[in-house]
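Please walk through the structure shown below, beginning with one helix and moving outward to the strands and the core around it.

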Amino acid sequence: MKKVEAIIKPFKLDDVRESLSNIGVTGMTAIEVKGFGRQKGHTELYRGAEYVVDFLPKLKIDVVVSDDQVDACIEAITSAARTGKIGDGKIFVTSVEKVVRIRTGEQDDEAI
């Protein structure tokens, strides 16, 4: 099993969710985060004072999938989240040793 973590632009959430549903991914977690990278932020004006916004709002999506679904999951997220502009985000894949569904006690692939 693998955990796929994706950092995306917030307005792309529905597109990514739909894309993942189309390939059979049944669950995901989305968390509002702030990030700093090549996008570098921007300056804003508030009550006549200029200030720099370094950390920009992003969404972090966590999905746990079986090993044979990883490439399809990455492709689904990439195609749905891509705008072609800086700040589209990143995808990280890590191994998951154990998954347990609390309600039923199912483990590993049955619990996904």
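On the other side of helix H1 from its buried residues, Asp 14 and Asn 22 are exposed, where exposed denotes over 50% relative accessible area, buried under 20%, and partly exposed the range in between, with a 1.4 Å probe and protein chains only. The model is predicted, so local features need pLDDT of at least 70 and side-chain atom pairs count only at pLDDT 80 or more, while totals for chains, interfaces and linings use all residues. Residues are numbered from 1 along each chain as its sequence is written, and side-chain values use heavy atoms, with hydrogens and water left out.

The buried residues of H1, which spans residues 13-22, are Val 16, Ser 19 and Leu 20; helices (H or I, at least four residues) and strands (E, at least two) are DSSP runs numbered from the N terminus. These three lie on the same side of H1 because they cover an arc of only 95 degrees around the axis, the arc being that of the directions from the helix axis to the C-beta atoms. They pack against strand E1 (2-8), strand E5 (56-65) and helix H2 (70-81). After H1 comes Gly 24, with a positive phi near 95 degrees.

Val 16 and Leu 20 return in the largest nonpolar core, a set of 16 residues in which they, together with Ile 8, Val 63, Val 65, Cys 73 and Ile 77, touch the most other members. Such a core consists of buried Ala, Val, Leu, Ile, Met, Phe, Trp, Tyr and Cys residues joined through side-chain atoms within 4.5 Å. Two or more residues are given to this core by each of E1, H1, E5 and H2, and the largest share, six residues, comes from H2. In soluble globular proteins, nonpolar side chains tend to be buried together.

Turning to the strands, E1 and E5 pair in the antiparallel sense over seven bridges, pairing being assigned if DSSP finds at least two bridges between two strands. Within this pair, Lys 3 stands opposite Val 64 in E5. E1 is also joined to strand E6 (residues 90-95) by six bridges, again antiparallel, and Lys 2 has Ser 95 in E6 as its bridge partner.

What is the charge environment of Asp 62? This residue of strand E5 is buried yet has no salt bridge, and the nearest side chain of opposite charge, Lys 3, is 4.1 Å away; a salt bridge requires a side-chain nitrogen of Lys or Arg within 4 Å of a carboxyl oxygen of Asp or Glu. Lys and Arg count as positive and Asp and Glu as negative, whereas His and the chain ends are not counted.

Conventions
Contact = heavy atoms within 4.5 Å.
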